[in-house]
Amino acid sequence: MDTILFYAFAVLVLGGGILTITRRNAVHSAIALICSLLGVAGLYLLQQAEFLFAVQIILYVGGIMLLFLFVIMLVNLDREANERQFGKGWMVALAAVAVVGAEIGYFLYRGRDAFHIAEGGAVPGAAALGNTEMLADSLFSEYLLPFEIASILLLVAVIGSVVMAKKRI
Amino acid sequence: MNFLDQIWLIPLFPLFGAALMLFFGKKLDPQPASDVAVAPGTSIDAEARRRGEERLLGSAQSPSASPRLRVNAVSRWLINLICPGMVLLSFVFSVGAVYQLWQLPNRVHQVVQFTWVAGLPFHMANGHLATFQADWGFLLDPLSAVMILVVTGIGFLIHVYSTGYMAHDNGYYRFFGYLNLFVFFMLMLVLANNYMLLFVGWEGVGLCSYLLIGFYFHKKSACDAGKKAFVVNRVGDAGFILGMLLMMSVLGTVKFTDVNAILRSGQFPMETAGFGVLSAMAILMFFGATGKSAQVPLYIWLPDAMEGPTPVSALIHAATMVTAGVYMVARSAALFHLTPHASMVVAVVGALTAILAASIALVQNDIKRVLAYSTVSQLGYMFVALGVGAYWVAIFHLFTHAFFKALLFLGSGSVIHAVGGEQDMRRMGALKDKIPITHWTMFVASLAIAGIPGFAGFFSKDEILWQAFSSPLGSNLLWAVGLTTAGLTAFYMWRLMNLTFYGKSRVAAGTHVHESPASMTVPLTVLAAGSVLVGWLGTPKLWNMGAHFRAFEHWLAPVFPAVAEAGEQSSSTEWALMGLSVAVAMIGISIARYFYLRKPEIPDSLEKTFKPLHTVLYNKWYVDEIYDFLFVNGLSKGGGLALGSFDRNVVDGGVNGAGWLTRLGSKVSIWWDTWIVDGAVRFTAFFVKTLSYPVCLLQSGRVQSYAFFVVLGVLAFFGYYIAR
Amino acid sequence: MHPVTTVHYLALSAALLLIGTVGVLTRRNIVVVLMSIELILNAVNINLVAFSHAFGNVNGQVFAIFVITDAVAEAAVGLGILIALFRNKETVRADEIDLLKW
């Protein structure tokens, strides 16, 4: 069952991704991205990361993609649809990425037996505490500082985007 | 009083007189407003002359006068007392000293005042060590005794004459000052005991000659003549100095007594083979003598020196200064005795001068010019005598010549004075009765110079001719030249006499011809007496008149080496030669009388027939022009041009070249700076730009290409780990 | 069928990464480029979570939370810049914005 779900979600993710980068219409790309993100959320759930699944849906899909869609609306990309959409050196880029992919594939192939240990020990103590609780424990004790810094980062981002988008400072 | 020890006073008296005149004379004899010394012969009309005569005070005669002259009688009297008086004192002292010298058994007396030049030791030519030293010392021996008597005696007479002659000229005090200065220097010359001190006097008389020739300094010809005299003298002095230095180097001393001792000691052999170092010495010193005594090639200054006043011509250029050369060669008799070839040069030069000058004198019209060339000619005789080894004969001729030549000059001055400044003989004539004293004294002098027996000139000239013939160093040719010159001398002297005193009067109308005052005629008379009498001191041995009549030779014998007697000449030859010379003189006199008295048209026709020869003789053989071309234009102007072009082309060329080089260097520097230095800078920039260009191309400004490079970096990174 | 191991998740993550990279490098539309960047970030998240699941601790998930936070901030600011850029140049084409060209 896991396997089938995995492959289903994998197809969703990869398909969405490919659609995202190939659609002419930006809105279509955004929708495809939403699908991809939903697939990723499903993958999180498969790996018992419930909190992340929820956050992914709420934040990513509900927040960021909406933002994207608003911006697409703002910049009014109708004209764009009739023009060439890929850059001039797309073949070179494709080739380079293919080579990198081959290299990564090679790494994965060489290390495919490296994670057995992890495979064995499934999730000890996962039933004792819920995933959210464990996450909270870790986030607010061990990773408190990064958490605070992340909040400052968000503050900066808010201010920055407001400044960027203003007509006159 | 011991005159011998006080011989230093003899030159000092005239020096004192000169100092008084030259320092205080201007106060004594203030000049009129215009300081022009009026030379006789410059154009002053007769009317003004007469006016001047009327205004003159205290003088019996009235010669030509400047109209604006005011004569201060008292000061003139004072000057007349001082200057001739000093010379008279010198004369008296000289007589006393000579008398005392005569008493000495060994007739040499030396007085050394102090060491004048004390030098460092030096190496002579033969390697010995010697010290150059010259004293301020006086030597009185028979030779210098003769000279001081001549200088002071005739000098005194000429001073007296000048008081009359220069009475109407400005610059009276100046004239006497210079004249006294001259006597001082001449006495220093003859009394010196070494060549250095002699040279002091030598130069000093040259200086005074210049001052006195250019006495009428407002006249350009006088100034030029003075300069010419000095410059030509200096050319000769160069030879004298070289000879003196050579003497220092070879003999180690310049003192007469020491030099004679060394030369007679036999250290140096007689240079019969050729020209050795002694001959060089002798010829160099003789060259100096040619300058001073107006021989070929440096005689050219003497005729021009007639620009000076006549007393100056008489004293300096007849009796004393020009004889300095003869005196110096006689003093160096020991040297010339050892160098027969140099002596021959002396004799040949003397003979050549004698006949050359006589030939020029034949056609001159200025009375003083004739006498000047006559002086040159007679000096030539003296050098012939020196050259053939008859040293005492040369001094004897010097002695007699001083008398009759001074007399001739003073007489000519008197004549010029009489005809109011005219010097051209063609405008004289028939003056015999108008100026008798002048005429008769000049008559005596002319007889003397022509060589008529009984008069002074005959004895000395005849002795010279005999020595030229008979001496081992003489030759028949020298004798023949001397004889011819004697004939020419007689001719031109009597031409002078005939044109001046006899014949028809050609004097300009309105000229008041008058005899000169006593101050002028008395010296003339004294000199005339001398011209007759002094000759008898040197009668020929042939006449056998006794020792007293050969006193001159005996007096001078200790000074000179013995003349080698020519024993094989018989007395009949001597009589024959004597007669021949007298005959030649008489022929000359009679031809002159025929040409100028009886048939005056003959000279003119002769002149027309032989026009080219006459022109050459009249223009003095063009010697002055030749010298002008060679030396004046050639050396100085041509040399100046050459040096000027050297300066323009080489020196300025060098400077310009340096400038050009600098500009070239700056061009190179500019090129270097532009291409190399700036080039390096620009190349650096170019290099960086070129290298950076490919890198520039990567900066496209597009973010995606930057991202592409990131991916490439990842690719490489992974590739590295795969490869490892 | 093979069981789904961690390697599968890693391979999926790598594939998504490469897709995202291709999108970043290739597409001219800047909005799509930003979306591709989101793809890359999600690929990273998948990787992190896979490892977290494999090792049994939550560190990976914590890190994934931070990645999401970062992605949010970056998307916001990036889109703000895009709007500012669009306002100036009237274009959202990546290859037309080359003002910093040499």
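# Exercises on a predicted three-chain model

Phe51(C) sits in helix H2 (residues 30–55) of chain C. The model is predicted, so let us begin with this residue and work outwards.

## Exercise 1: Phe51(C) and its chain

Decide whether Phe51(C) is buried or exposed, then place the residue in the fold of chain C.

*Solution.*

Step 1. Count the neighbours: 22 other C-beta atoms lie within 10 Å of Phe51(C). A residue counts as buried when that number is 20 or more. Phe51(C) is therefore buried.

Step 2. Look for a residue that is remote in sequence. Leu10(C) is 41 residues apart from Phe51(C) in sequence, and their C-alpha atoms are 8.7 Å apart in space.

Step 3. Widen the view to the chain. Chain C has three helices and zero strands, in the order α-α-α from the N terminus. Of its 102 residues, 62% are buried. Taking contacts in chain C between residues at least 6 apart in sequence, 46% join residues at least 24 apart.

Step 4. Check the confidence. The average pLDDT of chain C is 88, and 99% of the residues score at least 70.

## Exercise 2: Chain A and its two contacts

Describe the fold of chain A, then find which helix gives the most residues to the side that touches chain C.

*Solution.*

Step 1. Start with the fold. Chain A contains seven helices and zero strands. Of its 169 residues, 26% count as buried. Among contacts in chain A with a separation of 6 or more, 56% are between residues 24 or more positions apart.

Step 2. Count the residues at the contact with chain C: 69 come from chain A and 63 from chain C. On the chain A side, the elements that give two or more residues include helix H1 (2–22), helix H3 (50–75) and helix H7 (144–165) of chain A. The most come from H3(A), with 12 residues.

Step 3. Sort that side by class. The side of chain A that touches chain C has 49 nonpolar, 15 polar and five charged residues.

Step 4. Turn to the contact between chains A and B. Here chain B provides nine residues and chain A eight residues. On the chain B side, seven are nonpolar, two are polar and none is charged.

Step 5. Note the scores of the model: ipTM is 0.91 and pTM is 0.64.

## Exercise 3: Cores and a helix of chain B

Find which element gives the largest share of the largest nonpolar core, then examine helix H20 of chain B.

*Solution.*

Step 1. Look at the core, which has 213 residues; those that touch the most other members are Phe182(B), Leu191(B), Val384(B), Leu386(B), Ala394(B), Ile395(B) and Ala406(B). H16(B) gives the largest share, 19 residues.

Step 2. Zoom in on one member. Leaving out residues up to four places away in sequence, Ala394(B) touches Val326(B), Ala330(B), Met382(B), Ala385(B) and Leu386(B). Another core, of 74 residues, lies apart from the largest one and has Val75(A), Ala15(C), Val33(C) and Ala94(C) among its members.

Step 3. Check the length of helix H20 (residues 518–533) of chain B. Its 16 residues reach 22 Å from first C-alpha to last, close to the 22 Å expected at 1.5 Å a residue.

Step 4. See how H20(B) is covered. Its buried residues include Met520(B), Leu524(B), Leu527(B) and Gly530(B). Among the elements that cover the buried residues are helix H4 (142–165), helix H16 (391–418), helix H17 (436–450) and helix H18 (456–470) of chain B.

## Exercise 4: A hairpin and the confidence of chain B

Work out in which sense S1(B) and S2(B) pair, and where in chain B the pLDDT stays under 50.

*Solution.*

Step 1. Inspect strand S1 (residues 109–123) of chain B: the count of buried residues among its 15 residues is zero.

Step 2. Follow the pairing. S1(B) and strand S2 (residues 129–140) of chain B are antiparallel, over 11 bridges. One bridge links Pro121(B) to Thr131(B) in S2(B).

Step 3. Examine the turn. The two strands form a hairpin with five residues between them, and Gly127(B) in the turn has a positive phi of about 95°.

Step 4. Finish with the confidence. Chain B averages a pLDDT of 83, with 93% of the residues scoring at least 70. The pLDDT stays under 50 over residues 33–37 of chain B, which have 10 contacts beyond four places in sequence in the model. Over residues 50–69 of chain B, pLDDT is also below 50, and the stretch has 36 contacts beyond near neighbours in sequence.

Technical notes. Residues are numbered from 1 along each chain as its sequence is written. Chains are lettered from A and ligands numbered from 1 in the order in which they are written. This is a predicted model: local features need pLDDT of at least 70, side-chain atom pairs count only at pLDDT 80 or more; totals for chains, interfaces and linings use all residues. Two residues are in contact if their C-beta atoms, placed from the backbone, lie within 7 Å. Ala, Val, Leu, Ile, Met, Phe, Trp, Tyr, Cys and Pro count as nonpolar, Asp, Glu, Lys and Arg as charged, and the others, Gly among them, as polar. Helices (H or I, at least four residues) and strands (E, at least two) are DSSP runs, numbered from the N terminus. The expected span of a helix is 1.5 Å times one less than its number of residues. A residue is buried if 20 or more other C-beta atoms lie within 10 Å of its own, exposed if 12 or fewer, and partly exposed in between; C-beta atoms are placed from the backbone. A nonpolar core is a set of buried Ala, Val, Leu, Ile, Met, Phe, Trp, Tyr and Cys residues joined through C-beta atoms within 7 Å. pLDDT is the predictor's confidence in each residue, from 0 to 100. Two strands pair if DSSP finds at least two bridges between them.
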